[in-house]
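Q: I would like a close look at a single part of this model, with the criteria behind each term spelled out.

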Amino acid sequence: MFVFYGDTISLFQVLSLVLYLVLAPFAGGLIAGIDRKVTARMQGRVGPPIVQPFYDVAKLWKKEPVTVRTGAQDFYVLCCLIFMIIAGSFFFFGFNLLMVIFTLTTASIFLVIAGYSSNSPYAQIGAERELLQMMSYEPMVLLTAVGFFMVNSSFNSATILTSPYLSIQYMPGLFIGLVFVLTIKLRKSPFDLSMSHHAHQELVKGLTTEFSGRTLAQLEISHWYENIMLLGFVFLFFTNGSWLMVIVGIVVVIVVYFVEILIDNVCARMKWQFTLKSAWIITLIFGGGNLFVLYYLRGYLWMASQYQ
């Protein structure tokens, strides 16, 4: 046990942080490879090997960067990667979820600025769409953090992880809402507006049209870090300090990601108006409705805590 600014830090938190920093890019790359493989099988193809994303990043890393404004774009994308790693580190170290969300937003803003710094109309339109996507999913993500606080009386992910309360019991609406906006964050159809991992974008590569070489490789690695952290949010709904629920949480994470792949393959891309309206409607109905119910359940949760 350690003490940091008055807070007790466990060896488990330190270990979780180290494992995230070291293993998250490998796990994220494997998930991306499995995503491609499952997508190919759904489309009747064999698909690339599961380790293909690592080959792609290694090849990009060796290429000479060819961008319109190399210095500016490379700097902004590097900042995006750094803040993405910091956001995930906060999450797995057990810090405040609001700090995690704000840091994640900062990483996304640097990505938008990188798109705007190019003179390409495709990249600039992609940057505008990225901002619209941020407007779509941010309210739901923030409400989810508020819901965790109302159930566990803390924003810290470490406290939520060991809480005696099973968050999904009190936050089913917030869970549904988070899974909905997760489609936007994972850049799956029908909400892959700003850029896409597939070859069906009318904006060529959208936001990343002018990225190449190491810059594009860094962006891909940042996505791997981000995906692991986002799946960690899903996992938090099913933890109450028991090993059984850890297994359940892992299974739910796998099922949720499979559903996202399925949605990606059966849905056509929608317009940005539909993305914005549908995300806000889901946020209002499921997120706002769930918080309204939690407001009246807080008295019950407080009384239950007094008898433990």
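How many residues line the largest pocket, and which of them lie nearest its centre?

A: This is a predicted model, in which local features need pLDDT of at least 70 and side-chain atom pairs count only at pLDDT 80 or more, whereas totals for chains, interfaces and linings use all residues. Residues are numbered from 1 along each chain as its sequence is written, and side-chain values use heavy atoms, with hydrogens and water left out.

The largest pocket (an open set of points on a 1 Å grid over the protein atoms alone, where a 1.4 Å probe fits, with protein on both sides within 12 Å along at least five of seven lines) is lined by 37 residues, those with an atom within 4 Å of a point, and Phe 92, Gly 232, Phe 235, Val 246 and Ile 250 lie nearest its centre. Its volume, the space filled by probe spheres set on points joined across faces, edges and corners, is about 1300 Å³.

Two or more lining residues come from each of helices H1 (11-42), H3 (70-93), H6 (157-161), H9 (213-236) and H10 (243-266), helices being DSSP runs of H or I with at least four residues, numbered from the N terminus. H1 gives the largest share, 12 residues, and this helix bends by about 50 degrees at Leu 23, with Pro 25 following within four residues; the bend is the angle between axes fitted to the seven residues ending there and the seven starting there.

By class, the lining has 27 nonpolar, 10 polar and no charged residues, where Ala, Val, Leu, Ile, Met, Phe, Trp, Tyr, Cys and Pro count as nonpolar, Asp, Glu, Lys and Arg as charged, and the others, Gly among them, as polar.
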